[in-house]
Amino acid sequence: MIEDISDLSGTIIPKSDQLNADLLLGGPMQILITGVSRGTDEKQPIFIDYAGGEGRPWKPCLTMRKVLIAAWGKDGRDWIGKSAVLFNDPSVLYGGVQVGGIRINAMSDIPSDMTLLVTEKKKKKTKVVIKKLQEAHDYMPALRESAALGIDALKDAWAKIPASYRQAKWPGGCPEELKEIAKGEKKP
């Protein structure tokens, strides 16, 4: 039996109830946020669900929560449908020991690259650089083209987009703008 060995990263998934920095040892990971909720743990009060997370939310540290709020605002509902690139920063300390941690290096839905100075610990500011993420999956141009061909073409194109992406990006369903184009009420 021949098995696919082109991606062995699945063999290092930690047995954990959350996204773990060790999972990012093989390289960065782009996530599409599908949900944001609050937990009861003071150190990890935010749970971020993402497409393909399989029930393992990302629980950003205080420094990354500051970055998220600076970039996308304080309303977690506004984060849904947005994307971020996460990586393992081996220099992250926990309890004075270098253990590595999850950091953000790029985010969608920001006007340009950002440089922030955030307090990491008492009397210590850290410079955080966030790149503007050009989303790999911008489905709108293709959806507009399909809508111009009519409602059936729009339905077919809509069905081809992964359900988790549709739900995160457009939780209310297909955008009205596209429906209006498909009905001939609006020009593409």
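**Notebook: charges, rings and cores**

K59 comes first on my list: it is buried, at 13% relative accessible area. I'm working on a predicted model, so local features are only taken where pLDDT is at least 70.

**Entry 1: K59 and its partner**

What does K59 pair with? I find a salt bridge to D17, where the closest N and O atoms are 3.9 Å apart. That squeaks in, because the cut-off is within 4 Å. The two residues sit in distant parts of the chain, 42 residues apart: K59 is in the loop between β2 (46-50) and α1, while D17 belongs to the segment before β1 (29-38). I also checked whether D17 is buried or exposed. At 54% relative accessibility it counts as exposed, whereas K59 is buried.

**Entry 2: the other salt bridges I looked up**

How many salt bridges are there by this rule? The count comes to five, and I went through two more of them.

D113 and K131 meet through their side chains, 3.8 Å from N to O. D113 is in the loop between β6 (101-107) and β7 (114-121), and K131 is in strand β8 (residues 124-132), so this pair ties together parts 18 residues apart in sequence. Both ends have some exposure: D113 is partly exposed at 45% relative accessible area, and K131 is partly exposed at 43%.

E177 and R144 form another salt bridge, with the closest N and O atoms 2.9 Å apart. Here the link runs from helix to helix, because E177 lies in α5 (residues 176-182) and R144 in α2 (residues 140-148), parts that are 33 residues apart in sequence. E177 is partly exposed, at 25% relative accessible area. R144 is partly exposed too, at 29%.

**Entry 3: R65, a charge with no partner**

I went looking for a partner for R65, which is in helix α1 (residues 62-72). No luck: R65 is buried but has no salt bridge. What is the nearest side chain of opposite charge, and how far away is it? It is D41, at 8.3 Å. The reason this fails is plain, because a salt bridge needs the nitrogen within 4 Å of a carboxyl oxygen. So what does R65 touch? Leaving out residues up to four places away in sequence, the contacts are K43, Q44, P45, I46 and P60.

**Entry 4: aromatic pairs**

I get two aromatic pairs by this rule. In one, the ring centres of W72 and W79 are 6.3 Å apart with the planes at 55°, so I log the pair as tilted. W72 is buried at 6% relative accessible area, and W79 is buried at 2%.

The other pair is W158 with W170: centres 5.3 Å apart, planes at 45°, so tilted again. Why not stacked? Stacked would need planes under 30 degrees apart, which means an angle of 45° misses it. W158 is in helix α3 (residues 151-160) and W170 is in the loop between α4 (163-169) and α5, so the pair ties together parts twelve residues apart in sequence. W158 and W170 are both buried.

**Entry 5: nonpolar cores**

The largest nonpolar core has 27 residues. Which residues have the most contacts inside it? They are W58, W72, L86, I104 and M107; W72 has already turned up in the ring pair with W79. The elements giving two or more residues to this core are β1, β2, α1, β3 (83-89), β6, β7 and β8. The largest share, five residues, comes from α1.

I picked I104 for a closer look. Not counting residues up to four places away in sequence, I104 touches W58, M64, V67, L68, A84, V85, L86, F87, V129 and I130. A second, separate core of 15 residues turned up as well, and L154, W158, I161 and L178 are among its members.

**Entry 6: cysteines and a strand residue**

I searched the whole structure for disulfides and found zero. For the cysteines I looked up, C61 is partly exposed at 28% relative accessibility, and C174 is buried at 13% relative accessible area.

Last stop: Q98, in strand β5 (residues 97-98). Is Q98 buried or exposed? It counts as exposed, at 56% relative accessibility. Setting aside neighbours within four places in sequence, Q98 is in contact with P90, S91, V92 and L93.

Technical notes. Residues are numbered from 1 along each chain as its sequence is written. This is a predicted model: local features need pLDDT of at least 70, side-chain atom pairs count only at pLDDT 80 or more; totals for chains, interfaces and linings use all residues. Side-chain values use heavy atoms; hydrogens and water are left out. Helices (H or I, at least four residues) and strands (E, at least two) are DSSP runs, numbered from the N terminus. Buried means under 20% relative accessible area, exposed over 50%, partly exposed in between (1.4 Å probe, protein chains only). Lys and Arg count as positive and Asp and Glu as negative; His and the chain ends are not counted. Contact means heavy atoms within 4.5 Å. Rings of Phe, Tyr and Trp (its six-membered ring) pair if their centres lie within 6.5 Å; planes under 30 degrees apart count as stacked, over 60 as edge-to-face and the rest as tilted. A nonpolar core is a set of buried Ala, Val, Leu, Ile, Met, Phe, Trp, Tyr and Cys residues joined through side-chain atoms within 4.5 Å. A disulfide is a pair of cysteine sulfur atoms within 2.5 Å.
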